[in-house]
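Start with the fold, then follow the chain into its contacts. Keep the coordinates open while reading.

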Amino acid sequence: MRPQILSTLEVDDLDVVVQRLVDRRFDLVVATNVFVYYDLFDQALALANVASMIRPAGFLLSNNAII
């Protein structure tokens, strides 16, 4: 990636099951090796939180099968 693009990235470390950023929305959320560690209930909570933080037409990038 070009340095101009990298300098615009925002990185946040959250527990997506219980935490949500209410004042910001993202074009892309990368959650690799995350959802596999949660049971079905916690997966639902995490996905609801992530969905609330993604802008319309934004993307969730995950490498896990979500049950």
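**A strand pair and its crossover**

In β2, Leu61 is the bridge partner of Val30. That bridge belongs to a parallel pairing: β1 (residues 26-30) and β2 (residues 54-61) are joined over four bridges. Between the two strands the chain passes through helix α2 (residues 40-53). This β-α-β crossover is right-handed. The model is a predicted one.

Now step back to the whole chain. The protein has two helices and two strands. From the N terminus on, they run α-β-α-β. The C-alpha atoms fill a box of roughly 40 × 25 × 20 Å along the principal axes. Of the 67 residues, 21% are buried. Take the contacts with a separation of 6 or more: 72% of them join residues 24 or more positions apart.

**The nonpolar core**

Which residues make up the largest nonpolar core? There are eleven: Val16, Val17, Leu21, Phe26, Val29, Ala31, Phe35, Ala46, Val50, Met53 and Ile54. Two elements, β1 and α2, each give two or more residues to this core. Helix α2 has the largest share, with three residues. The general background is brief. In soluble globular proteins, nonpolar side chains tend to be buried together.

Leu21 is a useful member to inspect, since its partners can be listed. Beyond its neighbours within four places in sequence, Leu21 is in contact with Asp12, Leu14, Phe26 and Met53. Two of these partners, Phe26 and Met53, are themselves listed in the core. Another partner of Leu21, Asp12, returns below in a salt bridge.

**Polar residues on helix α2**

Turn to Asn49, in helix α2. Is Asn49 buried or exposed? Its relative accessible area is 7%, so Asn49 counts as buried. The side chain of Asn49 has a polar partner: it reaches the backbone oxygen of Val17 at 3.1 Å. Val17 is also one of the core residues. Leaving aside neighbours within four places in sequence, Asn49 is in contact with Val16, Val17, Val18, Gln19 and Arg20.

Ser52 is also placed in helix α2. A polar atom of the Ser52 side chain lies 2.7 Å from the backbone oxygen of Asn49. With 27% relative accessibility, Ser52 is partly exposed. Not counting residues up to four places away in sequence, Ser52 touches Arg20 and Arg25. Arg20 is thus a contact of Ser52 and of Asn49. For a distance along the chain, take Ser52 and Asp42, which are ten residues apart. Their C-alpha atoms are separated by 15 Å.

**Two salt bridges**

How many salt bridges does a search of the whole structure find? The search finds two. In one, Asp12 pairs with Arg24, and the closest N and O atoms are 2.1 Å apart. Asp12 and Arg24 are twelve residues apart, and each lies in the loop between α1 (3-6) and β1. Asp12 is partly exposed at 38% relative accessibility. Arg24 is partly exposed as well, at 28%.

In the other, the side chains of Arg55 and Asp27 meet at 3.2 Å, N to O. Arg55 lies in strand β2 and Asp27 in strand β1, so this pair ties together parts that are 28 residues apart in sequence. The two strands also pair through their four bridges. At 39% relative accessibility, Arg55 is partly exposed.

**Two positive phi angles**

Finally, check the backbone angles. Asn33 is not a glycine, yet its phi is positive, near 55°. Asn33 lies in the loop between β1 and α2. At a relative accessible area of 46%, Asn33 is partly exposed.

Ala57 also has a positive phi without being a glycine, here about 70°. Where is Ala57 placed? Its place is in strand β2. Ala57 counts as exposed because its relative accessibility is 73%, and the cut-off for exposed is over 50%.

Note on methods:
Residues are numbered from 1 along each chain as its sequence is written. This is a predicted model: local features need pLDDT of at least 70, side-chain atom pairs count only at pLDDT 80 or more; totals for chains, interfaces and linings use all residues. Side-chain values use heavy atoms; hydrogens and water are left out. Two strands pair if DSSP finds at least two bridges between them. A crossover is right-handed if, with the strands pointing away from the viewer, the path from the first strand over the helix to the second runs clockwise. Buried means under 20% relative accessible area, exposed over 50%, partly exposed in between (1.4 Å probe, protein chains only). A polar contact is a pair of N or O atoms within 3.5 Å; within protein, one must be able to donate a hydrogen and the other to accept it, and residues adjacent in sequence count only if both atoms are side-chain atoms. Contact means heavy atoms within 4.5 Å. A salt bridge is a side-chain nitrogen of Lys or Arg within 4 Å of a carboxyl oxygen of Asp or Glu. A nonpolar core is a set of buried Ala, Val, Leu, Ile, Met, Phe, Trp, Tyr and Cys residues joined through side-chain atoms within 4.5 Å.
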